[in-house]
Every structure is written in structure tokens, then in C-alpha cells.
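Colleague: Could you take me through this model before I go back to the bench? I would like short answers with the reasoning shown.

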Amino acid sequence: MFVTYILSKIRAYKLYRATLRELSQLSDHELADLGISRFQIASVAHQAAFA
């Protein structure tokens with residue numbers, strides 16, 4: 001059970017980093033089309049991975 005918990009946290013962190021990387025590569029115009037501002041990227045990535 002502990003190993004499963006650790007693996008799920010690792011997967012969530014990898015998803016967080018991938019989402020953060022993808023959103024950071026978008027232009028401000030593309031982010032605005034999604035309704036996201038640049039300072040919200042970390043928050044959106046966190047919600048996607050850990051919610």
C-alpha cells in the first residue's frame with residue numbers, strides 16, 4: 001500500500017511538470033484563448049495533477 005501511494009505521488013508530480021512545461025511554452029495570446037494568464041500556470045498545473 002505504501003509503494004502504491006509513493007508511485008501515485010510520483011505520477012502526479014510527473015503530470016504536474018509536463019503540464020507546467022506545456023503551458024509555459026504557449027504564447028500569451030494562446031493562454032488568453034484558454035482563459036489562463038501566465039501567473040496562473042503553476043496553479044492550473046497543480047490542479048490538473050493533484051485534484
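Colleague: What share of the accessible surface of the protein chain belongs to carbon and sulfur atoms?

Modeller: Keep in mind that this is a predicted model. The accessible surface of the protein chain comes to about 4100 Å². The part that belongs to carbon and sulfur atoms is 62%.

Colleague: Which residues form a nonpolar patch on the surface?

Modeller: The patch has about 600 Å² of accessible area together. One of its members, I6, sits in helix α1, which covers residues 2-24. I6 is partly exposed, at a relative accessible area of 33%, and patch members need over 30%. The full set is F2, V3, Y5, I6, L7 and I10.

Colleague: How many helices and strands does the protein chain have, and in what pattern?

Modeller: There are 3 helices and 0 strands in the protein chain. Read along the sequence, the pattern is therefore written with helix symbols, strands being a separate class of DSSP run. That pattern is α-α-α.

Colleague: What radius of gyration does the protein chain have, against that of a compact globule of 51 residues?

Modeller: The C-alpha atoms fill a box of roughly 45 × 15 × 15 Å along the principal axes. For a compact globule of 51 residues, the radius of gyration would be near 10 Å. The protein chain has 13 Å.

Colleague: What percentage of the 51 residues counts as buried?

Modeller: A residue is buried when its relative accessible area is under 20%. A45, found in helix α3, is buried because its relative accessible area is 0%. Over the 51 residues of the protein chain, the buried part is 20%.

Colleague: Is T4 buried or exposed?

Modeller: T4 lies in helix α1. Its relative accessible area is 53%, and the cut-off for the upper class is over 50%. T4 is therefore exposed.

Colleague: How far apart are the C-alpha atoms of T4 and L26?

Modeller: T4 belongs to helix α1, a helix that covers residues 2-24. Along the chain, T4 and L26 are 22 residues apart. Their C-alpha atoms are separated by 34 Å.

Colleague: Which side chains meet in a salt bridge?

Modeller: The structure holds 1 salt bridge, counted with a cut-off of 4 Å. The N to O distance in this pair is 2.8 Å. The pair links distant parts of the chain, 10 residues apart, with one partner in helix α2 (residues 28-34) and the other in the loop between α2 and α3 (41-50). The partners are D28 and R38.

Colleague: Which of the two, D28 or R38, counts as exposed?

Modeller: Exposed means over 50% relative accessible area. R38 has 37% and so counts as partly exposed. The other partner has 52% and so counts as exposed: D28.

Colleague: How far apart are the mean positions of the positive and negative charges?

Modeller: The protein chain has 6 positive and 4 negative charges. The mean position is taken for each of these two sets. The two mean positions are 19 Å apart.

Colleague: What is the C-alpha to C-alpha distance between F50 and A32?

Modeller: F50 is found in helix α3. F50 is partly exposed, with a relative accessible area of 34%. In sequence, F50 and A32 are 18 residues apart. In space, C-alpha to C-alpha, the distance is 23 Å.

Definitions and conventions: Residues numbered from 1 in each chain as written. Predicted model: local features only at pLDDT ≥ 70, side-chain atom pairs only at ≥ 80, totals over all residues. Heavy atoms only, no water. Helix = DSSP H or I, 4+ residues; strand = E, 2+ residues; numbered from the N terminus. Rg over C-alpha atoms; globule rule 2.2 N^0.38 Å. Buried < 20%, exposed > 50% of the residue type's maximum accessible area, 1.4 Å probe, protein only. Areas by Shrake-Rupley, 256 points an atom, 1.4 Å probe, with all protein chains shown as cover. Lys, Arg positive; Asp, Glu negative; His and termini not counted. Charge placed at Lys NZ, Arg CZ, Asp CG, Glu CD. Patch = residues over 30% accessible without salt bridge, like charges linked within 9 Å, V, L, I, M, F, W, Y side chains within 5 Å.
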